[in-house]
Amino acid sequence: MNINNKTSQSAGIKITNNWFAILVSLLFLLFPLVIKNNYFIDVAFFFGIYTLLGLSLNIVLGEVGLFDLGHMGFAAIGAYTTAILNTSFGIPIFVLLPISAIAAAIFAYLVTSPIIHLRGDYLCIVTIGMGEIVRLTLINNPFGITGGPNGVFGIDFPSIGNLLIIDNSVKFYYFIWVAVGLTVLALIHLQDSRIGRAWNCIREDIIAAEASGIDVRYYKLLAFVLGAALAGVAGSIYASKLMIVSPESFSFMESCMLFCIVLIGGMGSIPGIFIGAAAISLFPEIFQTFAQYRMLIFGAALVLMMMFRPGGVWPRKRGKLSTESMLIKAGKSEI
Amino acid sequence: MSLVIEQLLNGLTIGSFYALIALGYSMVYGVMKLINFAHGDLFALGSYLGYTLLVMGTAYVTSILGIWGGMIAAMLVAAIGSGVMGLLVERIAYRPIYPTGRLPAVVSALGVSIFLQNAIMVVWGARPQAYTSDVIPSNILTIGGLRINILQIIILFLSFLLMGILYYIIQKTTFGAAIRACALDRETAALMGININLIIFFIFALGPALGGTAGVMVGVYYRRISFIMGWNYGLKAFTATILGGIGNIPGAMIGGLILGVLEMLGSTYISTPYKDVFVFLVLILVLIFRPRGILGEKVAEKV
């Protein structure tokens, strides 16, 4: 089946979508030029980090429906790979970016392959355990390389010789959002591909997927490996921005926040991830005047949110290949 | 040898805390198929309620009821407080969300957990609080070189008593059979004339009540309580639930006790800083080789 074969009807929708995407991209591009305040640019940077992490969890949770409540563990592996290799051997950050991704991916492959057959809540609890093991191990300073509870500090700025040195808020802002932009482009193509459809099929009905010849184990592992690699990249960028990594940045609470990002936005919906990440990262800033009440409000908001929009703010529209649209077509032909 | 027995006793004590909390997780999961993330914070709430009654009343309750009576009164207040809060949480945050699916309910539970945790912080302050020594009974008993705290024995006795009562209700009475029927298949149970709402009321009141009681026990045993302790104990107790077999009442008790003993033995004989790593490693190994837990029954897959 040729997936590039677009009908004229959907082409119309595609163009409006593109206009919207271009508008949003322009907004992000111009933001630091209009807002000169470094504080707001830093807030926008962390919005970007959460978006990247949300996109990475979205592959596992949103596309394949695997409950992963230990996703920060993968980001921790990426961040610590960057931190340790940079501070000990002086390897530049840009070289470490792919290395961190690969390290997180290998780690994900090793730990998830024995547990990949677990379903639903069992997978959820194992991933919690995995995330906690990573964090506790980092605290315990194995072989004296992770620096214990204090973490590793003195990480360099990302640079390519003297050509490009990312050393201020604005440059970091563009660094993260370019990474997010590239990731979004890749993920949109992935969603429409054979892999994306196999993932969604597994999410909707795993038994049907197995029966139609989808290698469920392979595709689930692929989701974990890709998701972990992306989280590793996010961790690496995070480490170079803060110049310090410590275990408490990768707690169970943070993993729960990522879970909330995906669910607030809508499972498997890329625009939804932006909304979810905005909610998680901007909410505490907006409600700063309420000081100690802000997380109280946040908890209540999560509950209300699920009450009124259980599918998320921007739920994923099912593609033209879904059964829904086929049924509608069939219904029309009868009339 | 005396070290082994002492550590075993310590392990059982911690294990009984885990078991009491795990019962709440297991009952709710059994009937609702929902991981009640707020349960750990209901446990913390119980601990703070006990603290309020015992310490903030400048030992007034203790002076009337005596040191043991004060402790029991604190447990009762904590149980009632946590139980009522559990019911409120179910009515406000879970009931409207059940029909829309399981994942929104999980997020709602996380929301409630964050809410409760921060509510505790706002009310009682962010700094850790301490159960002061004037409200805590502590008589050390020495039997043949063994130093045993009587408080520990009382805690063990009370938690085993509570678990025993619950075990009797769930396994031996008609009402218990109704709960087990709901856990197996809620729709069919409803068709058989079982009042589902009554069962939900019962599990959401009793689970947090047991958790709240455990909260006071942790308070008097460790003396130091903090508003984030709900996460730590909740996570461990949930691990215990899975270890024993989720949705299985005796499984939760045994899982909790095993977890406590493993933790203590791990910290004594392997390494103290790595004791939690050891606990989660055991959990993962159990899940790999016996995913249904120690006592869980094999569930046929529904197509």
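Trainee: Chain A and chain B sit together here, so what area do they bury between them, and what share of it is on carbon and sulfur atoms?

Mentor: The size of an interface is often given as the accessible area lost when the parts come together. Keep in mind that this is a predicted model. Here chain A and chain B bury about 3,700 Å² between them, with 82% of it on carbon and sulfur atoms.

Trainee: Which three residues of chain A supply more of that area than any other three?

Mentor: Look at A:D121, A:Y122 and A:I125, which supply 16% of what chain A buries against chain B. In terms of contacts, 42 residues of chain A touch 43 residues of chain B.

Trainee: How many salt bridges and polar contacts cross over?

Mentor: The rule finds 0 salt bridges across the interface of chain A and chain B. For polar contacts, the count between the two chains is 0 residue pairs with both at pLDDT 80 or more. As for the elements, those giving two or more residues to chain A's side are α5 (120–139), α10 (252–265) and α12 (294–308) of chain A. Of these, α5(A) gives the most, with 12 residues.

Trainee: Let's zoom out. How many helices and strands does chain A have?

Mentor: You'll find 13 helices and 4 strands in chain A. Of its 335 residues, 50% count as buried. Among contacts in chain A with a separation of 6 or more, 76% are between residues 24 or more positions apart.

Trainee: Can we walk along one helix? What should I look for in α11(A)?

Mentor: An α-helix has 3.6 residues a turn, so residues three or four places apart point the same way. Helix α11 of chain A covers residues 270–286, so to speak a run of 17 residues, and reaches 24 Å from its first C-alpha to its last, close to the 24 Å expected. At its N-terminal end, A:S269 acts as a cap, with a side-chain oxygen 3.0 Å from the backbone nitrogen of A:G272.

Trainee: Where does α11(A) bend, and which proline follows?

Mentor: The bend is about 30° at A:I280, and A:P284 follows within four residues. Both A:I280 and A:P284 are on the list of buried residues of α11(A), which also includes A:I270, A:F274 and A:F283.

Trainee: One last spot: is B:S226 buried or exposed?

Mentor: B:S226 has 15% relative accessibility, so this residue counts as buried, the cut-off being under 20%. You'll find B:S226 in the loop between β4 (224–225) and α9 (229–244) of chain B. Leaving aside neighbours within four places in sequence, B:S226 is in contact with B:Y48 and B:P128.

Technical notes: Residues numbered from 1 in each chain as written. Chains lettered and ligands numbered in written order. Predicted model: local features only at pLDDT ≥ 70, side-chain atom pairs only at ≥ 80, totals over all residues. Heavy atoms only, no water. Expected span 1.5 Å × (residues − 1). Bend = angle between axes of the 7 residues up to and from the residue. Buried < 20%, exposed > 50% of the residue type's maximum accessible area, 1.4 Å probe, protein only. Polar contact = N/O pair within 3.5 Å; in protein donor to acceptor, adjacent residues only side chain to side chain. Contact = heavy atoms within 4.5 Å. Buried area = accessible area lost by both parts, 1.4 Å probe. Salt bridge = Lys/Arg side-chain N within 4 Å of Asp/Glu carboxyl O.
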